[in-house]
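Trainee: I've got a structure to read and I keep tripping over the wording. Can we go through it together?
Mentor: Sure, let's pull it up.

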Amino acid sequence: MRGLELVVEPGEAVGIAGPNGSGKTTLIRTAATLVSTNRGSLEVLGQIVGKRDLVSTRRAIGLIGHQPTLIPELTLVENLSHVARLAGVDIARVPRALEVVGLDEASDRRAEACSFGMKRRVEIAHLLLTRPQLLLLDEAASGLDESARDLIEALVGSVRRRGGGCIVVSHDRAQLTELCSRVASLADGRLDTAR
Amino acid sequence: MSFWNQALEIARVDLTVERRIGNTLRITLPFAVVALMVFPLALDLRLALVSTIGIGVFWALGILFGMQVALRQSATDTRERRDLQALLGVDPAARFVGRLLSGGVLMSGFLLIVLLAMVVLFDPDVPNGGWPVLTMSTFLVAIGLTELGTLAGEVTSGLSNRTVLASLIVAPLALPLIIGASQSVGALSRDTGILPWILLLIASDLALAVAGVALAQPLEEATR
Amino acid sequence: MTRVRMLMGLAALAVGVGLWFALTAPPDALQGEYSRLLGIHPPAMWVAFIAFGVTALGSIMWLVKKTEWWDRLAATSVEVGVIFTAIGLFTGMVWGQAVWGTPWDWQDPRLMSTAVMFFVYLGYLALRNAIDDPTIRARRSAILGTIAVVQVPLVYFSVNLFRTLHQGPSIRPDGSTMPDEMLIAMLVNMGALMVVYLALLVARLDVARTEAAAAPESAIAGEAVRPPRLNEVEDV
């Protein structure tokens, strides 16, 4: 990445479009503080990212990446409860979260027996529980049906209304234009039209 | 969530997954017992040897098959799951301790059953006072092997040849465990002290535990 | 469920009768009370042989007809057969310790071949557990189940083929080598354990049928997923 400068304001959703291999996933994972920069600085949620601030900063970040994070041998409700416990969220809210994403009747199904779209919905349910201030979506809507994409849109809207920010990465520019307040292009390690 | 609660939660889920996959009980354990049966056949049934080699065969097979328990599928995290755990604020050291707890339970059970099978099949020559020493050594080896396997699994995380590569890393590093375990029982028949060998096992376990906790964070960053 | 209860009741009764015969038969002059193991060890192994034979039948029939029931029969029979083999091995080791002075004789071909047979069928169960797709699971198990049965005659005839500590066949075409009371006790217990086998088989088949009916694969695709409640995302 070369001379990348990106600012996401509270309540804003910034789309990043780019071809395969342009560094979109690296950008998202850097913003999530999962990848460290060897030059420059990263400020997330008002905090300059250094080792001491990592845990509290990370807990305010929500990420949906390429591959689902569910444990295949656990049921959907067990997966969500596990994540809720680690996040310090009351697990009594889990059934409600599954209901809102439309998976209450499939909650006892093992993740390995569920479709990609169902697993995505569970990840969305997790973010509805944890209410992140910074939402990062890496090709999150790819391969999803219309109702699941509507859920992503509802999630982005919810984060923005709470004053949080979103970075949405996709190779589908049309999808980004619908979802985001502005769209930047990433190519050859450079980002254009970002403030 | 506190450090220990994180560790316990990870251990709980790990054991639940392993119970559902069942590789340790259904595959690794029967395989280890079949391997026990191979030795006397390979020795051309020189049965006078069988009783004398029984304990040694147990340690050798315990280490080799125990590595497969330590590197089991349920103890593997994908990159995405590790990212999720990082964002949830899971301390990498807590993950190590959690895996140690669940792996320790599985490994202890595994080694004890293989020990029992060895006793039945080999009728080993155990010196006076040897059974408590053998049992204690088995637990200490179980802990050490779990620590080694967990560390090696982290180092080789995400690699396609993870299991084989991790086994290669664990095998030589397990030598202090084998030496401490075999010499502790051997010391009884030689009428020398067992304490240095038990201390070697305890020291190895402690050193590996400290290494696992101290290196957890750098290992996590190295595997991203 | 009523059928299973009936069979379980019958099995309990049969085991009771078999126990009575085993405990009232006169003890062997050399082996003493340990000879009563005649009431469990040979019958358990016989039932195991029959169980694995049923598995082979089920496997072959599945390969011919591709009907789910035959696969379930084959797998269920292995589960029960493995239990009886374990009982046979354990009681054999107890008997061996008492009579031969060792629970395990490496040079005994029947003992070794029985142990090998036990592990092969454990492998059969592990194989089934590792495969999710029911058709692939049935096909691969059927092939293994058909091949694995070869061990049954090998185990049975091992005492004839090799010199061994193990007792030879007690019942031969020219008659039996044991006193009538012992023979009757053994035969009654063989019958009793067959009833136990049938009861366990039927019970397990019922459970397998229920599991199959409850499996997600039998649900209509998509029916478990409902439209999300987009207006309620902030009420979680």
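**Chain B, a helix, and two contacts**

Mentor: From the N terminus on, the elements of chain B run α-α-α-α-α-α-α-α-α. Keep in mind that this is a predicted model.

Trainee: How many helices and strands does chain B have?

Mentor: Nine helices and zero strands.

Trainee: What makes chain B as compact as a globular protein of its length?

Mentor: Set two values side by side. The globule rule, 2.2 Å times the number of residues to the power 0.38, gives 17 Å for 224 residues, and the radius of gyration of chain B is 18 Å; those are close, so chain B counts as that compact. Its C-alpha atoms fill a box of roughly 60 × 35 × 25 Å along the principal axes.

Trainee: And what percentage of the residues in chain B is buried?

Mentor: A residue gets that label if 20 or more other C-beta atoms lie within 10 Å of its own. In chain B, 45% of the 224 residues pass.

Trainee: Okay, over to chain A. Why is H5(A) called largely enclosed?

Mentor: Same kind of test, 20 or more other C-beta atoms within 10 Å. Of the 15 residues of H5(A), 13 are buried, so the rest of the structure largely encloses this helix.

Trainee: How do you know that the span of H5(A) is close to the expected one?

Mentor: The expected span is 1.5 Å times one less than the number of residues. For the 15 residues of H5(A) that gives 21 Å, and the helix reaches 21 Å from its first C-alpha to its last. Just after H5(A), Arg131(A) takes a positive phi of about 50 degrees.

Trainee: Which domains does chain A have, and how many residues of each are in contact?

Mentor: The assignment gives domain 1 (1–60 + 132–195) and domain 2 (70–131). Contact means C-beta atoms within 7 Å, and 10 residues of domain 1 of chain A meet 10 residues of domain 2 of chain A that way. H6(A) gives the largest share of the domain 1 side, four residues. By class, that side has seven nonpolar, one polar and two charged residues.

Trainee: How many residues does each chain bring to the contact between chains A and C?

Mentor: Chain A brings 20 residues and chain C brings 12. On the chain A side, H4 (94–100), H5 (116–130) and H6 (146–161) each supply at least two. The largest share, six residues, is from H6(A). That side divides into 12 nonpolar, three polar and five charged residues.

Notes:
Residues are numbered from 1 along each chain as its sequence is written. Chains are lettered from A and ligands numbered from 1 in the order in which they are written. This is a predicted model: local features need pLDDT of at least 70, side-chain atom pairs count only at pLDDT 80 or more; totals for chains, interfaces and linings use all residues. Two residues are in contact if their C-beta atoms, placed from the backbone, lie within 7 Å. Ala, Val, Leu, Ile, Met, Phe, Trp, Tyr, Cys and Pro count as nonpolar, Asp, Glu, Lys and Arg as charged, and the others, Gly among them, as polar. A residue is buried if 20 or more other C-beta atoms lie within 10 Å of its own, exposed if 12 or fewer, and partly exposed in between; C-beta atoms are placed from the backbone. Domain bounds come from an automatic or database domain assignment.
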